[in-house]
Amino acid sequence: MREVREGPTLRELLGKLRRDPVVVQTLRSAAAATIAYVIALRLSPEDAPLTAPLTALLVVQVTFYATLTNGIRRVNAVVAGVLVAIAFSLLVGLTWWSLALLIVASLAVGHLVRVNEYVPEVAISAMLVLGVTTVGDTAWARVLETLIGAVVGLGFNLLLAPPVWVDEAGESMGGLARRLRQLMLRIGEEAAGRPAFEEAAARLHEARRLDHDIIEVDAALRQAEDSLRLNPRVRDSVLHRVVLRTGLDTLEICTVVLRVLARTLTDLAKDREPEPLFAKETGAVLEQLLSEIADAVVSFSVLVTTHVSSNADAAESRLAAELRTAAGTRDKLAPLLREEAERETRYWQLHGAVLTEVNRILDELDTEHRSRRLLEELDRVSQESRARMPRLTRLRERMGVQEQLWRNRTGFFERSR
């Protein structure tokens with residue numbers, strides 16, 4: 001009797017929608033824009049203060065960091081545009097040539113005040129203000145509405161803390177690792193047999209298409225990094241960001257090396273067709289090695305996306321065991337490839353390249369190599385933070401020392417009881 005699979009419950013569907021970036025962004029933006037409009041109706045002299053909801057709509061982003069930076073830049077852009085419009089209204093008024101000068105001046109000022117993507121907003125604000133009769137009233141009303149929208153957008157994220165998108169980035173990274181694994185398994189199966197040149201070339205094209213997957217994972221990781229910055233719900237956000245970023249860097253290097261390996265096997269298949277790529281024993285050992293490396297890639301992705309320390313320890317132990325097994329298989333493969341290179345000297349470069357490429361992947365996944373990479377990256381981030389914000393860094397270090405002293409004192413009191 002077949003088991004009937006039940007679909008997701010209503011609670012599960014609501015939970016999934018609550019974590020969906022599109023749904024969250026839509027609801028947050030609509031709510032913030034509506035609240036900003038209601039407040040502006042009471043405070044602005046305009047009959048339809050649409051600048052306030054427009055500002056809130058543009059300011060509110062998925063992450064608090066993006067909201068804060070967008071709010072500041074947008075307010076600067078509007079204020080700069082209003083000031084340019086006031087200056088032009090006092091000097092030349094509105095004509096076709098003054099409008100052209102106004103746009104040029106506004107865009108130039110936008111670049112000077114570094115409002116980034118809001119440079120056109122400087123010119124838009126200037127044109128809207130200059131195009132009305134009562135320049136003074138409209139100018140200050142526009143500034144007021146912009147401030148209302150920006151404050152509502154920032155306050156909205158303070159009262160309703162935005163979600164942390166680390167899990168979504170982890171799922172995306174895990175998906176990339178699984179696709180890498182599947183491709184490694186297919187390459188290993190073909191290396192152990194007698195693949196046609198077209199089949200080997202198809203694996204090479206698959207390896208090249210993984211570049212698009214890396215771009216998607218990088219976008220998800222950037223969103224996760226932004227959600228960790230300045231988020232009151234997250235501690236050690238720098239560590240989280242460095243762990244994820246270095247993990248993606250490692251997977252990207254493995255993807256590049258796998259593409260080079262696929263190219264090597266494609267060249268070998270072209271030269272040896274219709275003969276098999278390797279001797280039977282060599283092909284079987286290479287297939288086993290790629291299978292073990294494929295499992296290690298997935299374990300590595302689990303390690304870098306695991307937050308709980310006990311689970312991370314288990315993932316690290318599993319990865320270390322898989323890498324030891326793969327290293328042993330690599331040691332069996334090396335003399336076999338050397339024998340084949342000595343037997344068929346015209347292919348010695350390709351045989352040596354296969355061993356070099358699997359060695360590179362094993363080195364990138366090595367836990368000691370990863371630990372050194374993490375420490376180097378943390379030191380680099382800390383030095384950049386000190387150079388960029390020395391006072392804030394000293395304040396954080398002082399607060400960290402005071403917190404550690406408090407913990408030590410509390411622990412001493414608890415042990416004394």
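Me: Which residues does T246 touch, not counting residues up to four places away in sequence?

Reply: Good place to start, and keep in mind that this is a predicted model. Leaving those sequence neighbours out, T246 touches R370, R373, L374 and E377. T246 itself has its place in helix α10.

Me: Is T246 buried or exposed?

Reply: The relative accessible area decides that, and buried means under 20%. T246 has a value of 2%, so it is buried. You can read R74 in helix α4 (residues 64-91) that way too: its relative accessibility is 0%, so R74 counts as buried. For R74 you can also set sequence against space: E121 is 47 residues away in sequence, with a C-alpha to C-alpha separation of 7.6 Å.

Me: How should I read a pair of packed helices?

Reply: Two packed helices are described by the angle between their axes and the distance between the axes. Here, take helix α8 (residues 166-191) and helix α11 (residues 280-304): their axes come within 8 Å and cross at roughly 175°. Angles over 145 degrees count as roughly antiparallel, so α8 is roughly antiparallel to α11.

Me: What classes of residue make up the contact of α8 with α11?

Reply: There are 14 nonpolar, 5 polar and 5 charged residues in it. On the α8 side you will find, among them, M173, L180, R181 and E189, and the residues they meet in α11 include L286, L290, I293 and V297.

Me: Which residues touch the most other members of the largest nonpolar core?

Reply: That core has 60 residues, and the ones to look for are L265, F278, I293, V297 and L365. At least two core residues come from each of α8, α9 (197-228), α10 (237-272), α11, α12 (309-343) and α13 (348-365). Helix α10 gives the largest share, 13 residues.

Me: What is F278 in contact with, leaving aside its neighbours within four places in sequence?

Reply: Its partners are A191, L265, L268, G283, L286, L337, E340, H351 and V354. Apart from the largest core lies another one, of 9 residues, including A52, A56, V152 and F156.

Me: How many Å should α13 span?

Reply: Work at 1.5 Å a residue: the 18 residues of α13 should span 26 Å, and the end C-alpha atoms are 26 Å apart, so the two agree.

Me: And which residues in α13 are buried?

Reply: The buried ones are L350, H351, A353, V354, L355, E357, V358, I361, L362, E364 and L365. Two of these names came up earlier: H351 and V354 are contacts of F278.

Terms used
Residues are numbered from 1 along each chain as its sequence is written. This is a predicted model: local features need pLDDT of at least 70, side-chain atom pairs count only at pLDDT 80 or more; totals for chains, interfaces and linings use all residues. Side-chain values use heavy atoms; hydrogens and water are left out. Axes are lines fitted to C-alpha atoms, for helices over the stretch in contact, and angles run from 0 to 180 degrees between N-to-C directions. Helices (H or I, at least four residues) and strands (E, at least two) are DSSP runs, numbered from the N terminus. Angles under 35 degrees count as roughly parallel, over 145 as roughly antiparallel, 65 to 115 as roughly perpendicular and the rest as oblique. Contact means heavy atoms within 4.5 Å. Ala, Val, Leu, Ile, Met, Phe, Trp, Tyr, Cys and Pro count as nonpolar, Asp, Glu, Lys and Arg as charged, and the others, Gly among them, as polar. A nonpolar core is a set of buried Ala, Val, Leu, Ile, Met, Phe, Trp, Tyr and Cys residues joined through side-chain atoms within 4.5 Å. Buried means under 20% relative accessible area, exposed over 50%, partly exposed in between (1.4 Å probe, protein chains only). The expected span of a helix is 1.5 Å times one less than its number of residues.
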